[in-house]
Structure formats: C-alpha cells, structure tokens
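Reader: Hello! Please pick out a single part of this model and take me through it closely, with the cut-offs spelled out as you go.

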There are 2 protein chains.
Amino acid sequence: MYNVKVFITLKESVLDPQGAAVKDSLHRLTYNAVEDVRIGKYIELTLKKEDGDIDQQVREICEKLLANTVIEDYTYEIEEDIPQ
Amino acid sequence: MYNVKVFITLKESVLDPQGAAVKDSLHRLTYNAVEDVRIGKYIELTLKKEDGDIDQQVREICEKLLANTVIEDYTYEIEEDIPQ
C-alpha cells in the first residue's frame, strides 16, 4: 500500500483572490503580522501496490486530473505502508 | 520572516464527497489501484517576525479562521526564513 500526499498550489504569477480575502480577514482579526496567504489543495491518495512505476502513476494522476498545470504547480510525497 | 504551511483535512469520521468523486473519476481513467482519496486544504502563510509566540499565533489563526474544528483537523509546519 502506498500513501501519497499531493500538494497543489497556484503558480506564483497567478492571482489568488481567496488568499487575499483570508489575509484581509486575518488583518481584521488583528493578525497584522500576516503578509501573504496562498491557498492550495492537499490531497491524500491511498494506492494498492501494483506492477508499474508508482512515481510515474502519481505524476499522471496529477497531470490528468488533480492539477490544472496551466495555472497550478504540484508536488507529492510517496510513503510505502509496510504491513506489520 | 516565517513561512508557515498549514494542512487542513476532514476528520476521519466525516464523509468526503469530493474525494469520492475524484476516486470515481480516477477509476474511469483506469487508475484502479486508487483505493481512497481525501481532499483537504493547503495554506501557505508568510508572517513578519514580531514579539510573541509564533506557535501560539498560528494555532489561533487556524482555530479562529482557517479550520472548522468541528469537522476538520489541522497540522502546520513553521519555517524561519533567515535573510542572507
């Protein structure tokens, strides 16, 4: 079994209105130390062990479905779950 | 400057219809190894250095605004950005 964590973020050049709204709210709550907020997605996948390259498979899943690579970047971490 | 990464996930007992929809889509794309998908949020905060406990401040920000602690869990990582 593999536990995969995928992090999807907007590219730096892309405006993040949701992040800007959260920043304004934090300022209204008097957290003025907050200089920037960027909001992305965090996706946990559980995959069965199968033949084939897990790394390649996760990259395909990200490119085809999870991330919009025109405006988003993604990174991932793969963890093998070894049954006791 | 602090770079803070916040991960917000639905509690285990809470249904995740968005994750279920993504899982179904992945199966239709023939990624049948995918057993489970859970979708959460990933938030990057940039904070100015100020007096006071950064850890406590981030916890407050999560509890008051970023996470709905009734149905969501959160974890975070704080990284100090040392200017060169």
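Author: Happily; let's take the place where helices of the two chains cross. H1(A) and H2(B) cross in a right-handed way (the near helix is turned clockwise from the far one by less than a right angle; anticlockwise would be left-handed). This is a predicted model, in which local features need pLDDT of at least 70 and side-chain atom pairs count only at pLDDT 80 or more, while totals for chains, interfaces and linings use all residues. Residues are numbered from 1 along each chain as its sequence is written, chains are lettered from A and ligands numbered from 1 in the order written, and side-chain values use heavy atoms, leaving out hydrogens and water.

H1(A) covers residues 17-28 and H2(B) residues 54-66; their axes come within 11 Å and cross at roughly 110°. The axes are lines fitted to C-alpha atoms over the stretch in contact, with angles from 0 to 180 degrees between N-to-C directions, and helices are DSSP runs (H or I) of at least four residues, strands (E) of at least two, numbered from the N terminus. That angle makes H1(A) roughly perpendicular to H2(B), a label for 65 to 115 degrees.

Which residues meet there? From H1(A) come A:Val22, A:Ser25 and A:Leu26, and from H2(B) come B:Ile61, B:Leu65 and B:Leu66, where contact means heavy atoms within 4.5 Å. By class, five of the residues in this contact are nonpolar, one is polar and none is charged.

There is a second crossing to look at. H2(A) and H1(B) pack at about 110° with axes 11 Å apart, and the crossing is right-handed. Here A:Ile61, A:Leu65 and A:Leu66 meet B:Val22, B:Ser25 and B:Leu26, again five nonpolar residues, one polar and no charged.

Stepping back to the whole interface, 33 residues of chain A touch 33 of chain B. Together the chains bury about 2900 Å², 65% of it on carbon and sulfur atoms; buried area is the accessible area (1.4 Å probe) lost when two parts are put together, summed over both. A:Tyr31, A:Ala33 and A:Tyr42 supply 22% of what chain A buries against chain B, more than any other three residues.

Charge has a place too: two salt bridges cross the interface (a side-chain nitrogen of Lys or Arg within 4 Å of a carboxyl oxygen of Asp or Glu). One joins A:Glu35 and B:Lys48, at 3.8 Å from N to O. A:Glu35 is in strand E2 of chain A, and B:Lys48 in the loop between E2 and H2 of chain B, so this pair joins two chains.

Technical notes
Angles under 35 degrees count as roughly parallel, over 145 as roughly antiparallel, 65 to 115 as roughly perpendicular and the rest as oblique. Ala, Val, Leu, Ile, Met, Phe, Trp, Tyr, Cys and Pro count as nonpolar, Asp, Glu, Lys and Arg as charged, and the others, Gly among them, as polar.
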